[in-house]
Amino acid sequence: MNRGAVCFASLMSAALLLAFLAIAFGTVEVPFVDVLKSLVEPGGEDVAHRIVWDLRIPRVAAAVLAGGALAVSGLALQSVFKNPLCGPFVLGISSGASFGVALAMLAGFSFGRFGVLGAASLGAFAVTAVVLWIASRFRESAVLLVAGLLIGYFIDALVSVLIAGSAAENLRVYVAWGMGSFGRLTLDAIWIFAVAVCVGLALVVGSMRYLNAARVGDEFARGLGLPVRRARACVLLGASVLAGATTAFCGPVAFVGIAVPHLAFMLFKTTNHRVLVPGVFACGAVLALLAGLFPVSVPLNAVLSLVGVPVILSVLVRGAKR
């Protein structure tokens, strides 16, 4: 068995274990026997069934989808822009999705869950288009990162303007969403989230050959006869949908998109995206499930920062040495 298969099997085992722990244990104590009974016999009306199926299972599913989606989005952006510090949060794509959600929640342009999801995806894709335009004009990686930082500040200013003129009830909803959480989704919303993630993954996976060639350069990809412009647009659209859907349903989630691809590189020791994409998704799911085990009172982004910051610092140190 090769290294990739061993790492992927280990990640899947860890994800299953963490998912079971998240279902079995929580803020409200439920007897272990009742948890097992609820899993084996769904559809009950007692308190244990409601806690397991209405609260814990949706939270676990949201963590898996969000962690995997942001990780794949970060991997795609790092491959397209050939920059190890790219990610949906760093480049301002998550901020664009947040602005779309702010328009839906604070300005009253929401039409149910699809309205919030569509607004977040459009906001994320708009910022991605701006970043792509900047990348085509400047070769330096530092310019791209500074541009992402400036875009994030600009969008935060726009959100502040919306907050200043919004109603108190809309403001409470937006502030609660902005804390970031895997625990606010219901089973019905999980299916919508899953469909959006599948669409984003299909766009990224459909351009797998381009992603492998893009790490060398677009000229190399053109030499292989690949439709570079179309493939890059599909990858960026897929990354935007993944980041936008996660932001819409779970709020702003930091560090997963930038840190997890580097963890996957260290584990799998390969640049082949046929191995990396499923590996990154599994690694992101494990990290999100691990963060979800912390009490609800602990902010989600604070937990993720404990992992993300050391990984990013290690990337900077390795880059300085090279």
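Is Phe255 buried, partly exposed or exposed? In this predicted model, Phe255 has a relative accessibility of 23% and is therefore classed as partly exposed, since the buried class ends under 20%. Phe255 sits in the loop that joins H11 to helix H12 (256–268). Its phi angle is near 75°, a positive value in a residue that is not glycine. A positive phi is also found at Lys269, where the angle is near 55° and the residue is again other than glycine. Lys269 belongs to the loop between H12 and helix H13 (273–292). With a relative accessible area of 59%, Lys269 is exposed, because the exposed class begins over 50%.

The nonpolar interior was examined next. The largest nonpolar core comprises 100 residues, and Phe193, Tyr210, Phe249 and Cys250 have the most contacts inside it. Helix H3 (residues 47–81) gives the most to this core, contributing 18 residues. In soluble globular proteins, nonpolar side chains tend to be buried together. When neighbours within four places in sequence are left aside, Phe193 is in contact with Ala62, Leu65, Ala66, Leu185, Ala245, Thr246, Phe249 and Cys250. Two of these partners, Phe249 and Cys250, are themselves named among the residues with the most contacts inside the core.

The packing of H3 against helix H2 (residues 32–40) was then described. Two packed helices are described by the angle between their axes and the distance between the axes. For H2 and H3 the angle is about 70° and the axes lie 9 Å apart. The two helices are therefore roughly perpendicular to each other, as the range for that class runs from 65 to 115 degrees. On the H2 side the contact is made by Asp34, Val35, Lys37, Ser38 and Leu39, and on the H3 side by Ala48, His49, Val52, Trp53, Arg56 and Ile57. Sorted by class, this contact of H2 with H3 holds six nonpolar, two polar and three charged residues.

Leu39, one of the H2 residues in that contact, is partly exposed, with a relative accessible area of 29%. Beyond four places in sequence, Leu39 touches Val52, Trp53 and Ile57, and also Phe20 and Ile23. The C-alpha atoms of Leu39 and Ile23 are separated by 9.4 Å, and the two residues are 16 places apart along the chain.

Helix H4 (residues 93–106) includes Ala102 and Ser98. Ala102 is buried, at 0% relative accessibility. Ser98 also counts as buried, at 10% relative accessibility. Outside a window of four places in sequence, Ala102 touches Ala107, Val159, Leu162 and Tyr174. With its neighbours within four places likewise left aside, Ser98 is in contact with Tyr174, Trp177, Thr247 and Pro252. Tyr174 thus appears in the contacts of Ala102 and in those of Ser98. Ala102 and Leu21 are 81 residues apart in sequence, and their C-alpha atoms are 34 Å apart in space.

A further buried serine, Ser240, lies in helix H11 (residues 228–250) and has a relative accessible area of 1%. The side chain of Ser240 reaches the backbone oxygen of Leu236 at 2.8 Å. Residues up to four places away in sequence not being counted, Ser240 touches Ala124, Phe125 and Thr128.

Two alanines in other helices were also considered. Ala135 is located in helix H5 (residues 112–137) and is partly exposed, with a relative accessible area of 22%. Its contacts, leaving aside neighbours within four places in sequence, are with Phe81 and Leu144. From C-alpha to C-alpha, Ala135 and Gly96 are 17 Å apart, with a sequence separation of 39 residues. Ala5 is found in helix H1 (residues 3–24) and counts as partly exposed, at 32% relative accessibility. Ala5 and Val275 are 270 residues apart in sequence, while the distance between their C-alpha atoms is 9.0 Å.

Note on methods
Residues numbered from 1 in each chain as written. Predicted model: local features only at pLDDT ≥ 70, side-chain atom pairs only at ≥ 80, totals over all residues. Heavy atoms only, no water. Helix = DSSP H or I, 4+ residues; strand = E, 2+ residues; numbered from the N terminus. Buried < 20%, exposed > 50% of the residue type's maximum accessible area, 1.4 Å probe, protein only. Polar contact = N/O pair within 3.5 Å; in protein donor to acceptor, adjacent residues only side chain to side chain. Contact = heavy atoms within 4.5 Å. Core = buried A, V, L, I, M, F, W, Y, C linked by side-chain atoms within 4.5 Å. Axes fitted to C-alpha atoms, helices over the stretch in contact; angles between N-to-C directions. Parallel < 35°, antiparallel > 145°, perpendicular 65-115°, else oblique. Nonpolar A, V, L, I, M, F, W, Y, C, P; charged D, E, K, R; others polar.
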